[in-house]
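Please load the model in your viewer and keep the sequence panel open. The tour below proceeds by selection, with a description at each stop.

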Amino acid sequence: MSKPLLSIGIIFKNEIRCLERCLRSLQPLREAAPCELVMADTGSTDGSREVAEKYADILIDFPWIDDFAAARNAVLDRSSGKWFMSLDADEWFDPKIEKLVEFLKLPQRTYHLASYTIRNFKTPKVTDDDNYNNFSALRIMRNGVGIRYEGCIHEHWVYPEGLNQQIVRLEALVYHDGYAFASKADMQAKHDRNLALLERKLKEDPDSLQTLCECIDATKTTDGESVDYARRALEVLHRDWEKWGSYGSRVYRDAVTVAQLHKLPELLEWAEKAEELYPDSIFTRIDVAYCAYARSWDNKDAERAAYWAEMYCKGLKDYRNESFNRDELFRGNLEFASPFWERRLLIMQVEGYLNLGRYEEAFSTFTSINGGELDEGQQVEACVNMLLRLHRMTELDTETVTVQFWEQINQPVPSETMAQKRRTVFINTAAGSLTPHYREDEAGREGFQRHSYTALVPLEGRCPLGDGAAILGCMDPEELEKRVAKHKLEDLPVSAVAHALQCGMAFPLPGNQMSLEEMDALAARLAPFGGLAELAGPVPQEAGDLRALCWRRSLLLAAVRHSEWKDEPENMTLARQFAELERQFLPTCYAGQALTEEGLFLLPPVHRFGWYCVQAFDALDGGDAAGYVRLLRKGLAENESMKPVVNFLLDHTPELQTPPPSAELRALADQIRAVLANFSPDDPAVAALRQSEAYQKVAYLIEGAEAFVPGGIRQ
């Protein structure tokens, strides 16, 4: 076999989850250039070795001795390629390898080192996830020039004296998800292993800022040790500035991120010091700025938050344009440079500008948010609320941005399921702006310019909320009828339907053959808006207008069920309207045989109660108060859900109100008390007295019981 162009070195142990994915990703590279795959198994027991055997050209066993450099060097020693490249088992190559292959085939010997970009994913969503960080990894070297690995953990290369250390940055991307899939137990095991090795390194060189920063990384999310490491790193930096000054931007970045994670009061002090000492550092302009922004936001310091946000956005722009010192990324990766963090900041920044009254900047920032990238319901909700607020408080033309945002959230990215979730949150959030209560409330707020719901009008024909907003802006009954008729009523915001009805739109709409169940469902949706009794209007005069009668029934039944039946005069009117409805509806829709006490069992419970309600009001109007009470209670026996209605009527019907007792009744009560005092409570004479008509007349004076109603039914 001729000498390979590239040796690919991998060490592994128990990587069955991801090893084959890694090795498969190398196939395009191995097909494009002569390669050899050299692998070292450091003690696998999960079948990883069997996977490696299918791909490796050279596979060795290297018992683990707590030294990554030793394992890497063992692989390097078995490699014979012109170039050597290291890779981890939980990494895999992006298919675009053209630039890497082109570099490997160059005949020149000027360069000895090359790097590629590693994208580190933080959640199992992997390639659909934009919460990642990129860093430059120095992983490719010319073989045979004397470079060796050093370091028991976070191993690095040691170069022979005089070697040209200029680095070629290759346009190649490698993905890594080792931390995204780790269980808590695996994370703890990795933490314990790494920290033990790092502490060993630190004992060898207590003032190594590189090792201290590695210790911060290893402990940042697992415990509070990172705080001690951060303070120690800052102390070493300023004590030996001449040696470590150039490394300080990484140190301050780590200290500030630790301060953010553990809510240290020094955060802003350290951030300002980082800006003073390293104003051009990409660590300062992105990571430090982000943390300082977040702390200023928490402190409700809108001015300083805006300052740090603007620094972050400018730094991020330069980072993406590669207008910064790229050598910094060999010292560590940026934590807050991904679209995930940018999006979070931009959303908060819009609100910050709104709070400062900087509306043009709020508007401009909002336009930079891509709704198609939102993957959290809270972010969609926040964006919708800010868009409505921006519209309400300014006269800026929000039409284009509203349409653009709606179209963006509907993009099937990363899936149609996510688009549906975004769409649902948008509709649920914005729907509140169409309600009468919301419109009344916002009109009284400071800075009010126009109603929020009008921001949705440009979505007419695109979104039910846009159609609803357009309906709310119309007052003409005939025009409203045309607009409403274009839609299924269940698709329109109920506030828009309520508005159309309140404006006098004829209903049911001509040609709309609504079933009784559909009418009931619509009336139930309208109930929270109130005024159903007014919408019901008078009983239809034309006996044949059955749909109008049924619609009135649906409205009044919904009003009866939705009312709280408190001490309000309109509730007595509602009860009367309900009875009058039943008086017309029952004989129209049911045979006469069913409208007798013997045939009532044929009716639904609500109409059995309604039949008794009609009879009760007839009795009351005929002067029979006792019959009124008796019939209401019979109706209640047929439909217990109507108890609030019956209680209200019994408590608020004037004819049932107890007049002040006369002198004769008070005297009779006194006489009966005197008689009762002469007997034991369990004496039969007492029971007989209590059953007498005389006792019943004054029982409420003696016992505090309900007032006597001649011929009535006592509970």
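Begin by selecting α22, a helix that is mostly covered, with eight of its nine residues buried. Here, buried means under 20% relative accessible area, exposed means over 50%, and partly exposed lies in between, with a 1.4 Å probe and protein chains only. Helices (H or I, at least four residues) and strands (E, at least two) are DSSP runs, numbered from the N terminus. The model is predicted: local features require pLDDT of at least 70, side-chain atom pairs count only at pLDDT 80 or more, and totals for chains, interfaces and linings use all residues. Residues are numbered from 1 along each chain as its sequence is written, and side-chain values use heavy atoms, with hydrogens and water left out.

**Stop 1: α22 and its surroundings**

Within α22, display the side chains of V494, S495, A496, V497, A498, H499, A500 and L501, which are its buried residues. Then add α20, α21 (477-485), α23, α24 (532-536) and α25 (546-562), against which the buried residues of α22 pack; contact means heavy atoms within 4.5 Å. Just after the helix, select G504, which takes a positive phi of about 100°. Continue to the loop between α22 (494-502) and α23 (516-526), where P508 is found. A cis peptide bond joins F507 and P508, with omega at about -5°.

**Stop 2: L456**

Next, select L456 in the loop between α19 (436-443) and α20 (464-472). L456 has 2% relative accessibility and therefore counts as buried. Which residues does L456 touch, not counting those up to four places away in sequence? They are L388, F426, A430, S433, L434, L465, G466 and A469. For a distance across the model, pick L456 and L581: their C-alpha atoms are 39 Å apart in space, and the two residues are 125 apart in sequence.

**Stop 3: aromatic pairs**

Now display the aromatic side chains; the structure holds 27 aromatic pairs. Rings of Phe, Tyr and Trp (its six-membered ring) pair if their centres lie within 6.5 Å; planes under 30 degrees apart count as stacked, over 60 as edge-to-face and the rest as tilted. Select Y290 and W341, an edge-to-face pair with 5.6 Å centre to centre and 80° between the planes. This pair links distant parts of the chain: Y290 belongs to helix α12 (residues 282-298) and W341 to helix α14 (residues 339-356), 51 residues apart. Y290 counts as buried at 5% relative accessibility, and W341 counts as buried at 17%.

Move to F405 and F426, whose ring centres are 6.2 Å apart and whose planes lie at 35°, so the pair is tilted. F405 in helix α17 (residues 399-409) and F426 in helix α18 (residues 416-431) are 21 residues apart, and their pair links distant parts of the chain. Both F405 and F426 are buried. F426 is also one of the residues that L456 touches.

Return to Y290 and W341 and add Y312, F336 and F340: ring pairs link these five residues into a cluster.

**Stop 4: backbone features in loops**

Select P414 in the loop between α17 and α18. V413 and P414 are joined by a cis peptide bond, with omega at about -5°.

Then select K263, in the loop between α10 (248-261) and α11 (267-277). Although K263 is not a glycine, its phi is positive, at about 55°. K263 is exposed, with a relative accessible area of 66%. Follow with E322, in the loop between α13 (302-320) and α14. E322 is also a residue other than glycine with a positive phi, near 60°. At 47% relative accessibility, E322 counts as partly exposed.

**Stop 5: the whole chain**

Finally, zoom out to the full chain, which contains 32 helices and ten strands. Its radius of gyration is 40 Å, well over the 27 Å that the globule rule gives for 715 residues, so the chain is more spread out than a compact globule. That radius is taken over C-alpha atoms, and the rule is 2.2 Å times the number of residues to the power 0.38. Along the principal axes, the C-alpha atoms fill a box of roughly 125 × 70 × 55 Å. Buried residues make up 50% of the 715 residues. Of the contacts with a separation of 6 or more, 67% are between residues 24 or more positions apart.
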